[in-house]
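Trainee: Could you take me through the empty space inside this protein, and then the spot where the ligand sits? I'd like a close look rather than a quick tour.

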Amino acid sequence: MLDGKKVLFSGMQATGNLTLGNYLGALKNWTTLTDEYQCFYSVVDLHSITVRQDPAELRKRARNLLTLYIAAGLDPEKNCLYYQSHVTGHAELAWILNCFTYMGELNRMTQFKDKAAKHADNINAGLFTYPVLMAADILLFQSDVVPVGKDQLQHLEITRDIATRFNGIYGDVFTIPEPYIGKVGAKIMSLQDPVKKMSKSDENPNASIYLMDDPDTIIRKFKRAVTDSEACIRYSDDQPGIKNLIDIFSACSGMTAEQIVADYEGKGYGDFKLAVGESVVNVLKPIQDRYAELQKDKAYLDSIIKTNAEKAQYYSNKTLRKVQKKVGFPERVR
Ligand code: TYM
């Protein structure tokens with residue numbers, strides 16, 4: 001608890017262009033949780049360097065992502081929005097937690113296996129211990145809830161295991177966090193291969209809707225979305241393309257899957273795809289406009305970056321000092 005509220009932590013990587021999956025699976029839910037929780041949202045740039053990055057590009061993307069957090073509706077007065085690399089506790093706690101995490105556990109992580117296969121020339125130790133840094137992010141703030149898409153559930157599970165193990169040795173040090181998965185949009189699939197998740201690292205640009213895509217591009221990508229030859233709009237695992245479009249439509253329009261199916265019964269895929277595309281444009285256009293406005297205000301963004309990093313540093317130090325003491329590091333001389 002922090003100032004009478006439960007604590008929430010989440011983060012996104014500033015690598016690649018953010019997709020509709022990132023928005024519907026995470027960011028959109030974040031904006032509804034501001035009043036209920038003390039919220040910390042980080043741009044996780046330490047995680048980003050587990051894959052080779054161009055430094056200037058990474059810096060730019062990190063700033064763009066923080067701007068996008070605000071443009072999507074996170075009020076930086078009420079939510080602590082900051083760069084992970086500005087708060088020293090993340091890396092410090094990660095080191096300690098590394099010593100309480102087993103190689104076998106990390107070996108089982110599907111994201112590691114996927115990324116190792118994709119970057120076979122750079123399977124570095126950071127990529128392997130990535131979930132431990134993620135555990136540190138979450139535990140550093142004594143977080144109660146972590147809103148994420150379904151693909152992050154395994155990392156949440158290992159976070160809980162590490163925290164429980166640590167508490168078992170040293171007493172109640174960490175709050176055990178719960179995942180928060182939204183009702184709709186928790187796993188948005190590729191528009192070109194609907195059994196694969198929509199991902200910012202997909203090489204085919206038609207597979208993903210990027211948050212900065214203009215309306216024409218969005219409509220065009222939906223028109224080209226891969227479906228099937230059933231010629232029937234049903235919410236069924238046998239029609240993964242149509243199911244994914246219904247999920248997207250539902251998340252962007254507020255209608256339930258049943259309503260959508262009833263409304264589009266007997267209509268062609270063409271009309272349906274257009275309606276889905278328009279619902280996405282209606283959601284993304286205001287965010288894009290606000291983003292463009294915010295980008296002009298350099299001084300405002302700089303002040304947010306500074307004050308929120310200080311706040312995050314302050315709160316995270318409380319946990320870090322406690323952990324350092326528990327494991328036996330010498331007290332600081334004042
Ligand atoms: P990242 O940057 O890959 O994704 C950010 C968020 O977007 C969600 N997401 C999706 N949701 C639905 N459908 C999709 N197709 C889709 N693709 C991505 C992710 O589940 C995530 O919530 N390791 C994390 C970042 C991280 C983090 C943390 C998250 C670092 N530390 C601590 C929570 C708490 C990652 O790479 O997310």
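Trainee: Which residues line the largest cavity?

Mentor: Keep in mind that this is a predicted model. The lining of the largest cavity is made up of M109, Q111, F112, K115, L127, Y130, P131 and H155. Two elements, α6 (110-118) and α8 (130-140), each give two or more residues to that lining. The largest share is from α6, with three residues. Sorted by class, the lining has five nonpolar residues, two polar ones and one charged. As for space, the largest cavity holds about 50 Å³, and the count of cavities of 30 Å³ or more comes to one.

Now for the ligand, which takes up the space of the largest pocket. Y130, which we just met in the cavity lining, turns up here too: along with D137, G149, D151 and I188, Y130 comes nearest among the 26 residues around the ligand. The helix α8 also features again, since β1 (6-12), α1 (20-30) and α8 each supply at least two residues of the shell. That shell splits into 12 nonpolar, 10 polar and four charged residues.

Look at the side chains next. N22 places a polar side-chain atom 3.1 Å from an oxygen atom of the ligand, and K200 has one 2.9 Å from a ligand oxygen atom. With Q152, a side-chain N or O atom lies 3.2 Å from a nitrogen atom of the ligand. On its own the ligand has 710 Å² of accessible area, and the protein covers 97% of that.

Notes: Residues are numbered from 1 along each chain as its sequence is written. This is a predicted model: local features need pLDDT of at least 70, side-chain atom pairs count only at pLDDT 80 or more; totals for chains, interfaces and linings use all residues. Side-chain values use heavy atoms; hydrogens and water are left out. On a 1 Å grid over the protein atoms alone, a cavity is a set of points where a 1.4 Å probe fits but cannot get out, and a pocket is an open set with protein on both sides within 12 Å along at least five of seven lines; lining residues have an atom within 4 Å of a point. Grid points are joined across faces, edges and corners, and a volume is the space filled by probe spheres set on the points. Helices (H or I, at least four residues) and strands (E, at least two) are DSSP runs, numbered from the N terminus. Ala, Val, Leu, Ile, Met, Phe, Trp, Tyr, Cys and Pro count as nonpolar, Asp, Glu, Lys and Arg as charged, and the others, Gly among them, as polar. A residue is near a molecule or strand if one of its heavy atoms lies within 4 Å of it. A polar contact is a pair of N or O atoms within 3.5 Å; within protein, one must be able to donate a hydrogen and the other to accept it, and residues adjacent in sequence count only if both atoms are side-chain atoms. Accessible areas come from the Shrake-Rupley method with a 1.4 Å probe; for residues, only the protein chains shown count as cover. A molecule sits in a cavity or pocket if more than half of its atoms lie within 2 Å of its grid points.
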